[in-house]
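Reader: Hello! I am new to this structure and would love a close look at a single part of it.

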Amino acid sequence: MNKPVFTTALEAEAAFYDALARSDLDAMMQVWSEDDEVVCIHPDGARLVGLHAVRESWRQLFASGVRLAVSVSQRVASGNSLLATHNVIEHVALPGDERAPPPMVATNAYASGPHGWKMIMHHASPAPDSLPAGTHDGPRVVH
């Protein structure tokens with residue numbers, strides 16, 4: 001099976017959230033760099049370093065096969081031709097659940113290499129009970 005080549009960090013991010021929504025381990029791992037220094041921190045979880053630990057965490061998370069309703073908003077992106085960081089607000093819920101899911105704040109980092117853009121870090125944390133003013137979807141200035 002040929003691995004997809006993500007030509008932008010945004011393409012890699014779309015594939016990441018698609019794999020998360022479908023609980024698809026193979027698709028998820030195609031997004032990740034094969035470098036041993038990758039890092040993943042799930043909400044309220046430990047820091048996982050290395051591809052084996054990252055893969056195992058997603059395998060456990062996807063073991064139930066539940067498909068999720070996933071959306072992201074308020075992306076703040078920065079980077080250059082080799083490295084990109086995206087900070088987003090994640091909304092992850094079980095399909096059919098009418099309640100608004102509590103938001104998560106996530107930072108995703110991507111590196112560009114010979115095989116396209118790949119994720120090198122994902123860190124998600126519960127958002128505070130109320131997001132500060134100015135969290136609308138307009139342009140952001142990163143200081």
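How many Å should the 12 residues of α3 span at 1.5 Å a residue, and how far apart are its end C-alpha atoms?

Author: Happy to help! This is a predicted model, in which local features need pLDDT of at least 70, side-chain atom pairs count only at pLDDT 80 or more, and totals for chains, interfaces and linings use all residues. Residues are numbered from 1 along each chain as its sequence is written, and side-chain values use heavy atoms, with hydrogens and water left out.

Now to your helix. At 1.5 Å a residue, the 12 residues of α3 should span 16 Å, and its end C-alpha atoms are indeed 16 Å apart, so the two agree. The expected span is 1.5 Å times one less than the number of residues. Helices here are DSSP runs (H or I, at least four residues) and strands are too (E, at least two), numbered from the N terminus.

Next, which residues of α3 are tucked away? L51, V54, S57, W58 and F62 are buried, meaning under 20% relative accessible area with a 1.4 Å probe, protein chains only, while exposed means over 50% and partly exposed lies in between. These buried residues cover an arc of only 130° around the axis, which puts them on the same side of α3; the arc is that of the directions from the helix axis to the C-beta atoms. On the face turned away from that buried side, α3 carries the exposed residues H52 and Q60.

And the neighbours? The buried residues of α3 pack against α1, α2, β1 (39-41), β2 (47-49) and β6, where contact means heavy atoms within 4.5 Å. For the wider setting, the protein chain has 3 helices and 6 strands, in the order α-α-β-β-α-β-β-β-β along the sequence.
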